[in-house]
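Colleague: I'd like a close look at just one part, please. Which residues surround the ligand, and what is built around them?

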Amino acid sequence: MASGHLRHLVAGNWKMNGLKASTDVLDAVIKGHDAVLAARADLMVCPPATLLAAFAARAGGSTVAVGAQDCHAAAAGAFTGDIAAEMIADAGGKAVIVGHSERRTLHGESDADVRAKAEAAWRAGLLPIVCVGETRAERDAGHALAIVARQIAGSLPDSLPGDLVVAYEPVWAIGTGLTPTTADVAEMHGAIRRQLVERYGGAGQAVRLLYGGSVKPSNAAELMAIADVNGALVGGASLVADDFLAIAKACGTS
Ligand code: PEP
């Protein structure tokens with residue numbers, strides 16, 4: 001059930017990296033996303049919250065979108081240190097990553113929390129990028145498909161109020177240099193696609209499914225060519241403009 005018609009999206013998750021001086025990297029990404037590359041893939045940069053407004057202003061009028069890495073489910077209130085989806089939109093952000101494994105693990109976020117954040121994103125007019133993925137132990141035990149299916153079921157609402165991106169990121173592949181086999185990625189993305197279509201009908205076909213976890217220029221072409229892989233969520237390699245652009249260039253080449 002491949003959705004080969006979907007444009008690839010390559011989104012960079014900068015995590016807790018980047019200072020004002022890192023605007024140079026954004027500038028290089030904007031410059032590199034020329035008409036040829038823009039025809040091949042959409043690009044998004046998700047800097048830390050401190051850089052969000054400046055990056056959004058800088059990228060305004062360009063083909064590069066700017067997103068955030070997390071949001072609170074509430075629109076406002078006594079939540080010290082948190083950021084509402086409405087604030088991200090107000091700062092010029094167009095999207096927000098929710099349910100990244102580092103949030104799920106280090107901040108104890110449940111599927112229900114992730115779902116509430118995705119709903120907050122839609123409420124604010126943002127595109128949610130909902131992350132799912134199994135641990136190494138879960139894959140070794142043969143439970144990867146079941147774990148991800150459960151995360152999808154719990155992290156998404158019963159009907160889709162807007163556009164959605166899902167990122168499959170095996171926890172054991174994030175920042176490790178390890179990647180699943182192409183067969184394992186194909187199996188997982190096919191299963192996610194079937195689950196989304198069962199749940200949402202035709203709207204499930206329009207959801208872009210990103211692969212994330214140690215994507216780099218050397219493995220991007222192979223990963224991006226897999227059926228139902230509609231782009232990449234990139235951590236470490238997104239901090240280097242040439243590497244990030246090289247990953248985008250690998251989309252649609254095979
Ligand atoms: C991520 O954290 O979303 C990620 C994919 O990281 P990396 O590319 O560094 O593995």
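Modeller: Let's begin with a polar contact, which is a pair of N or O atoms within 3.5 Å. Glutamate 169 gives us one: an N or O atom in its side chain is 2.7 Å from an oxygen atom of the ligand. Histidine 100 joins in too, with a polar side-chain atom 2.7 Å from a ligand oxygen. Glycine 236 uses its backbone instead, and there a polar atom is 2.8 Å from an oxygen of the ligand. Put the protein around the ligand and 95% of the 290 Å² of accessible area that the ligand has on its own gets covered (Shrake-Rupley method, 1.4 Å probe).

Keep in mind that this is a predicted model, where local features need pLDDT of at least 70 and side-chain atom pairs need 80 or more, while totals for chains, interfaces and linings use all residues. Numbering starts from 1 along each chain as its sequence is written, and side-chain values use heavy atoms, with hydrogens and water left out.

Now zoom out a little. In all, 14 residues surround the ligand (a heavy atom within 4 Å), and the closest are Lys15, His100, Glu169, Gly175 and Ser214.

What about the fold itself? Here 8 strands make a closed barrel, running 1-2-3-4-5-6-7-8 with parallel pairing (strands are DSSP runs of E, at least two residues, and helices runs of H or I, at least four, numbered from the N terminus; two strands pair with at least two bridges). Going from one strand to the next, the twist averages 25 degrees (between N-to-C directions of lines fitted to C-alpha atoms, from 0 to 180 degrees; for helices, over the stretch in contact).

Take one pair: strand 1, residues 8-13, runs parallel to strand 2, residues 41-46, and 6 bridges join them. Find alanine 11 and you'll see methionine 44 of strand 2 standing opposite. Helix 12, residues 241-249, packs on the sheet here and touches strand 1, strand 2 and strand 8 (231-234) (contact means heavy atoms within 4.5 Å). The direction of helix 12 makes about 150 degrees with that of strand 2.

Note on methods
A polar contact is a pair of N or O atoms within 3.5 Å; within protein, one must be able to donate a hydrogen and the other to accept it, and residues adjacent in sequence count only if both atoms are side-chain atoms.
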